[in-house]
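Dear colleague,

I am passing on the structure we spoke of, and I would be glad if you could read the notes that follow with the coordinates open beside them.

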Amino acid sequence: MIKQTLLGLAVVVAPGLAFAHSKSEATTPADGATVTEVPELSMRFDDPMRIISVTLTSPDGDVEIERETGMDPATEFRALPSEELPPGSYRFDWRGMASDGHPMQGSFSFTVTE
């Protein structure tokens, strides 16, 4: 009987836990977008997120970016490319900590054309 009660409780609580984490609502550039320039890289979250690390990668390797957002939890993260991005495919990877303490990570990709 205790097993059934615990199982029932787990079924009721599990969906609520799945929605407890922050999620990315939008990125700039948008995921999968083709753009001619990238003045900034940004992400907007539905709940404050502490972004711990970010990496912008091209086929030639990592691209230097300057972080504008600090380490405090925020609903928006911003970074700037150190110089104009040449045409090519890029991937932005991030790692963070949600307000509930869970580690989070994600990525978005975009293409720069002439």
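**S58 and the pairing of strand β3**

S58 counts as buried because its relative accessibility is 15%, and the cut-off for that class is under 20%. Please bear in mind that this is a predicted model.

S58 belongs to strand β3, and, once its neighbours within four places in sequence are left aside, this residue is in contact with V63, S89 and Y90. S58 also stands opposite G61 in β4, where β3 and strand β4 (residues 61-63) run antiparallel and are joined by three bridges. The connection from β3 to β4 is a hairpin of two residues.

Which other strands are joined to β3 by bridges? Strand β1 (residues 24-28) runs antiparallel to strand β3 (residues 41-58), with four bridges between them, and within this pairing S24 has F45 in β3 as its bridge partner. Strand β6 (residues 74-81) is likewise antiparallel to β3, and five bridges join the two; here M43 is found opposite F77 in β6. With strand β7 (residues 88-98), β3 pairs over eight bridges, again in the antiparallel sense, and R50 has M97 in β7 as its bridge partner.

If you go through the model yourself, a convenient order might be to begin at S58, with its contacts to V63, S89 and Y90, then to look at the hairpin that joins β3 to β4, and finally to follow the eight bridges between β3 and β7.

With best regards

Terms used
Residues are numbered from 1 along each chain as its sequence is written. This is a predicted model: local features need pLDDT of at least 70, side-chain atom pairs count only at pLDDT 80 or more; totals for chains, interfaces and linings use all residues. Side-chain values use heavy atoms; hydrogens and water are left out. Two strands pair if DSSP finds at least two bridges between them. Buried means under 20% relative accessible area, exposed over 50%, partly exposed in between (1.4 Å probe, protein chains only). Contact means heavy atoms within 4.5 Å.
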